[in-house]
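Hi everyone, thanks for making time this morning. I'd like to walk you through one structure, so please have a look at the screen.

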Amino acid sequence: MSVRASEELDVAVRDSLGPDRAQYGLCAFLSLLGVLVILDAGQIAHLVGGNDPIGPRPVPMILGVLLLVVAPVYAVDVARGGRGEPEAGEDIDLSTRIDWRTVLLLIGVFAVNAVLIERLGWVISGALLFWGSAFALGSRHYVRDLAIAVTLSLATFYGFAVGLGVNLPAGVLQGIL
């Protein structure tokens, strides 16, 4: 079967299915999110300073209104039969099973990082996070991965501290870093 015939068959099958009703749930979620953002933005104190004459309220208000505008527009598109185009270069085989080992290892690595970040500090817990993620995703170059993880962890620590002025927890390395 040619590529052109395959594309025409996909379009015909997609058109015969009718509107994708699950997308209406997304429209409802966008509407609810828009309302919540507007309500939450309304509770922000109106602080006006010399550098910021309008305060922090307008941006979330605008975003909430935009969410409320996008939701019905999207619902109308779905009602008219609009569907997202599948990505042309998609290389995922949907018939394969989920690799639960990898998923559970990644969840474990993130959980360990969340537990240890205050005790050990970002540099150590971040290095464990980066190294553990590489291990969970299949890399078996332990020493190289550990060196890269420590480098990334130190770079992000100093990038946040020096570049952004945000102090990440130093933990057991408090006087050293």
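Let's begin with helix α2, residues 22-42, which gives the most to the nonpolar patch, with 4 residues. Do keep in mind that this is a predicted model. The patch lies on the surface, covers about 430 Å², and is made by L32, V35, L36, L39 and L68.

Take L32, which has its place in helix α2. Is L32 buried or exposed? Neither, quite: its relative accessibility is 48%, and exposed would need over 50% while buried would need under 20%, so L32 counts as partly exposed.

Now let's step back to the whole chain. You can count 6 helices and 0 strands, so to speak an α-α-α-α-α-α run from the N terminus on. There are 177 residues, and 18% of them count as buried. The accessible surface comes to about 12,600 Å², with 68% of that belonging to carbon and sulfur atoms. As for contacts with a separation of 6 or more, 57% of them come from residues 24 or more positions apart.

One helix pair to finish. How do α4 and α5 cross? The axes of α4, residues 100-120, and α5, residues 122-136, come within 8 Å and cross at roughly 175°. An angle over 145 degrees counts as roughly antiparallel, so that is how α4 sits relative to α5. If you want to find the contact on screen, look on the α4 side for residues including L105, L106, V109 and F110, and on the α5 side for residues including W122, L128, L129 and F135.

Notes:
Residues numbered from 1 in each chain as written. Predicted model: local features only at pLDDT ≥ 70, side-chain atom pairs only at ≥ 80, totals over all residues. Heavy atoms only, no water. Patch = residues over 30% accessible without salt bridge, like charges linked within 9 Å, V, L, I, M, F, W, Y side chains within 5 Å. Areas by Shrake-Rupley, 256 points an atom, 1.4 Å probe, with all protein chains shown as cover. Salt bridge = Lys/Arg side-chain N within 4 Å of Asp/Glu carboxyl O. Helix = DSSP H or I, 4+ residues; strand = E, 2+ residues; numbered from the N terminus. Buried < 20%, exposed > 50% of the residue type's maximum accessible area, 1.4 Å probe, protein only. Contact = heavy atoms within 4.5 Å. Axes fitted to C-alpha atoms, helices over the stretch in contact; angles between N-to-C directions. Parallel < 35°, antiparallel > 145°, perpendicular 65-115°, else oblique.
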